[in-house]
Amino acid sequence: MADAAVKEQPATTAEVQQELTDGFHLIIDALKLNGLNTIYGVPGIPITDFGRMAQAAGIRVLSFRHEQNAGYAASIAGFLTKKPGVCLTVSAPGFLNGLTALAHATTNCFPMILISGSSEREIVDLQQGDYEEMDQLAIAKPLCKAAFRVLHAADIGIGVARAIRAAVSGRPGGVYLDLPAKLFGQVMNAEAGKKSLVQVIDPAPAHIPAPAAVKRALDVLKSAKRPLIILGKGAAYAQADDAIKNFVEKSGVPFLPMSMAKGLLPDTHPQCAGAARSTVLAQSDVVMLIGARLNWLLSHGKGKAWGTEPKKFVQIDIEPKEMDSNVEIVAPVVGDIGSCVSALLQGMGNNWPAAPADWIKTVTSKRDENVAKMAPRLMNNNVPMDYHGALGVLRTIVKERPDAILVNEGANTLDLARGVIDMYQPRKRIDVGTWGVMGIGMGYCIGAAVETGKPVLAVEGDSAFGFSGMEVETICRYQLPVCVVIFNNDGIYRGTDVNNAGSDPATTVFVKGSRYDKMMEAFGGVGVNATTPDELKRAVNAAMDSGKPTLINAVIDPAAGSESGRIGNLNPQSALRKK
Ligand SMILES: Cc1ncc(C[n+]2csc(CCOP(=O)(O)OP(=O)(O)O)c2C)c(N)n1
Ligand SMILES: [Mg+2]
């Protein structure tokens with residue numbers, strides 16, 4: 001105790017200060033040493049000065065209106081860069097606000113570090129009621145991949161190093177780093193401080209797959225009569241774009257991209273089976289999963305969607321525990337996606353047989369039929385607009401601007417946009433992910449714009465937007481090239497629900513005819529109310545050309561949507577209500 005008290009004494013003379021460093025500076029130095037040059041957060045006790053000092057030291061510190069949005073920005077920064085995105089919050093409530101995003105990062109396998117200030121350990125542990133008291137480390141632990149607390153300035157270097165390595169190595173995920181208020185002001189000898197810092201060497205070591213596993217997987221694939229490759233967002237994360245493209249093309253096998261894997265190969269690629277999803281799931285006999293999990297998004301690999309024919313699954317994943325999670329995996333290939341796909345490619349040799357022609361024909365004709373069926377709907381000029389009319393416009397804009405990043409959330413707005421808008425480049429579509437969570441919108445826009453410098457187009461349900469809408473001020477403040485299109489159908493799923501039991505509105509409807517565009521104008525951005533496909537087209541193109549923060553209120557027919565978009569079947573039904 002006496003020791004700590006001495007350490008916490010502020011230095012008194014300029015001479016002494018020169019020889020000392022402190023927690024504030026060591027954290028900044030540790031982050032910078034490891035190339036973590038951006039922080040997303042919300043200031044307050046005990047991290048306000050830390051944010052100021054970090055900014056002064058050349059770290060980009062983006063200040064948000066709510067920690068959850070800062071956390072989502074950090075999580076998507078992790079996905080886009082393969083470096084942990086850093087979110088910084090105050091104690092208890094700020095920490096809890098950021099925690100949703102940390103859990104989201106872990107669930108989606110995005111590397112992220114949530115750094116939260118915390119209050120005095122001796123008071124927290126005795127539960128004596130400190131300012132924003134909470135045992136944050138204990139609460140974070142079950143929701144992230146790893147959680148650490150640093151108590152001594154001399155341990156900051158190793159603490160930050162552990163956090164980085166835990167976030168990015170193996171299957172990436174969220175890491176919590178607890179920094180008690182007292183740590184920031186702790187002083188120590190500057191030279192010793194410098195020596196205590198750790199530059200993480202090879203933070204995400206390659207996991208090379210076993211040759212026997214690679215051979216087994218290729219043998220199964222070769223034996224298939226109706227093979228299918230499913231690309232997941234793990235494949236997009238890997239940044240092994242050329243190897244994946246070469247492998248898929250050399251195999252000749254139809255591929256199905258999961259939502260955030262769209263664009264890894266263009267959705268217009270001749271082998272893309274996106275528009276024949278039900279056919280390929282039901283009829284394939286061998287399915288190779290690359291960085292995709294057999295979770296609910298793939299109906300757990302069984303049941304009606306997968307048809308009645310027996311299936312063999314080959315799975316490529318860095319996490320051995322993923323194998324056999326839902327169904328038997330006959331050929332598990334454990335390793336990082338880049339190493340695995342390169343090994344597969346090499347193992348194919350030069351005489352790999354062409355994919356069975358009758359199967360390719362089945363898939364292609366189904367796909368072409370579905371695309372042709374959809375085409376006239378996308379060109380409709382209905383007023384009020386329906387989803388297809390509005391999405392047809394956005395589809396063309398993304399085709400013309402393939403390097404723009406598309407952010408997408410909502411129910412109908414999500415499910416229909418995912419199907420309609422073709423992607424052409426890897427990691428250009430970012431959305432609700434594994435949980436189907438609402439609220440990622442503006443955080444993702446900011447994270448994507450900051451990390452990539454590319455223009456961002458957000459396609460948002462009016463409900464979805466509401467979860468992070470206040471961040472339009474942040475977008476305006478940092479002058480980010482973000483165009484937000486709100487599909488305003490007056491509510492959740494539809495704007496037509498009525499409550500017959502009283503005077504309150506139905507639970508799924510919002511104020512009719514809301515003008516979200518005015519929110520953007522309030523902060524100096526451009527607001528547009530678009531009621532026709534043509535108005536929408538002009539407004540989005542102007543926004544993408546100018547790079548000015550823009551919000552377009554796209555007025556959609558309130559009756560156009562369906563309950564829960566494409567996943568209405570997941571709603572539990574009341575037997576009583578049916579009577
Ligand atoms: C954090 C969170 N809360 C609630 C939900 C439930 N939910 C699913 S979609 C949705 C909103 C759908 O409405 P909107 O965004 O307007 O899209 P629309 O179907 O109307 O196009 C909600 C609230 C969720 N997925 N995530
Ligand atoms: Mg809506």
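Let's start in the sheet of this predicted model, where seven bridges join strand S5 to strand S7 (residues 174-180) and the two strands run parallel. One point of register is easy to find on screen: Met-112 of S5 stands opposite Gly-174 in S7.

S5 also pairs with strand S4 (residues 85-89), again in parallel, through five bridges. Here Leu-88 has Ile-115 in S5 as its bridge partner. The connection between these two strands is worth tracing by eye, since S4, helix H6 (residues 92-108) and S5 make up a right-handed β-α-β unit.

How many residues of S5 are buried? The strand spans residues 112-118, and seven of its seven residues are buried, leaving S5 mostly covered. Met-112, Leu-114, Ser-116 and Ser-118 point one way, while Ile-113, Ile-115 and Gly-117 point the other way, and the residues on both sides are buried.

**The nonpolar cores**

The largest nonpolar core has 93 residues, and those with the most contacts inside it are Ile-244, Phe-247, Met-288 and Ile-290. Helix H5 (residues 67-81) gives the largest share of this core, eight residues. A second, separate core holds 37 residues, including Val-90, Phe-148, Ile-164 and Phe-184.

Back in the largest core, what does Ile-290 touch, leaving aside its neighbours within four places in sequence? Its contacts are Ile-229, Ile-230, Leu-231, Gly-232, Ala-235, Phe-247, Ile-316, Ile-337 and Val-341.

Phe-247 leads us to helix H14 (residues 241-251), where Asp-241, Ala-243, Ile-244, Phe-247, Val-248 and Ser-251 are buried. The elements that cover these buried residues include helices H12 (211-223), H13 (233-237) and H16 (337-348), together with strands S9 (227-231), S10 (255-257) and S11 (286-290). Just past the end of H14, Gly-252 takes a positive phi of about 70°.

**The magnesium site**

Which protein atoms hold the magnesium ion (ligand 2)? The donors are Asp-462 (OD), Asn-489 (OD1) and Gly-491 (O), at 2.0 to 2.1 Å from the ion. Their spacing in sequence reads D-x26-N-x1-G. Asp-462 and Gly-491 link distant parts of the chain, 29 residues apart: Asp-462 sits in helix H21 (residues 462-466), and Gly-491 in the loop between strand S17 (482-488) and helix H23 (517-522). Asp-462 is buried, at a relative accessible area of 3%, and Gly-491 is buried as well, with a relative accessible area of 3%.

**The cysteines**

The structure holds zero disulfides. Two cysteines illustrate this, and the table gives the nearest cysteine sulfur for each.

| Cysteine | Nearest cysteine sulfur | Distance |
|---|---|---|
| Cys-144 | Cys-87 | 13 Å |
| Cys-476 | Cys-445 | 12 Å |

Why is Cys-144 in no disulfide? A disulfide needs two cysteine sulfur atoms within 2.5 Å, and the nearest one to Cys-144, that of Cys-87, is 13 Å away. For Cys-476 the nearest cysteine sulfur, that of Cys-445, lies 12 Å away, and Cys-476 is likewise in no disulfide. Are these two residues buried or exposed? Cys-144 is buried, with a relative accessible area of 11%, and Cys-476 is buried too, with a relative accessible area of 5%.

Terms used:
Residues numbered from 1 in each chain as written. Chains lettered and ligands numbered in written order. Predicted model: local features only at pLDDT ≥ 70, side-chain atom pairs only at ≥ 80, totals over all residues. Heavy atoms only, no water. Buried < 20%, exposed > 50% of the residue type's maximum accessible area, 1.4 Å probe, protein only. Helix = DSSP H or I, 4+ residues; strand = E, 2+ residues; numbered from the N terminus. Pairing = 2+ DSSP bridges. Right-handed = clockwise from strand over helix to strand, strands pointing away. Donors = N, O, S within 2.8 Å, 3.2 Å for Na, K, Ca; no water. Core = buried A, V, L, I, M, F, W, Y, C linked by side-chain atoms within 4.5 Å. Contact = heavy atoms within 4.5 Å.
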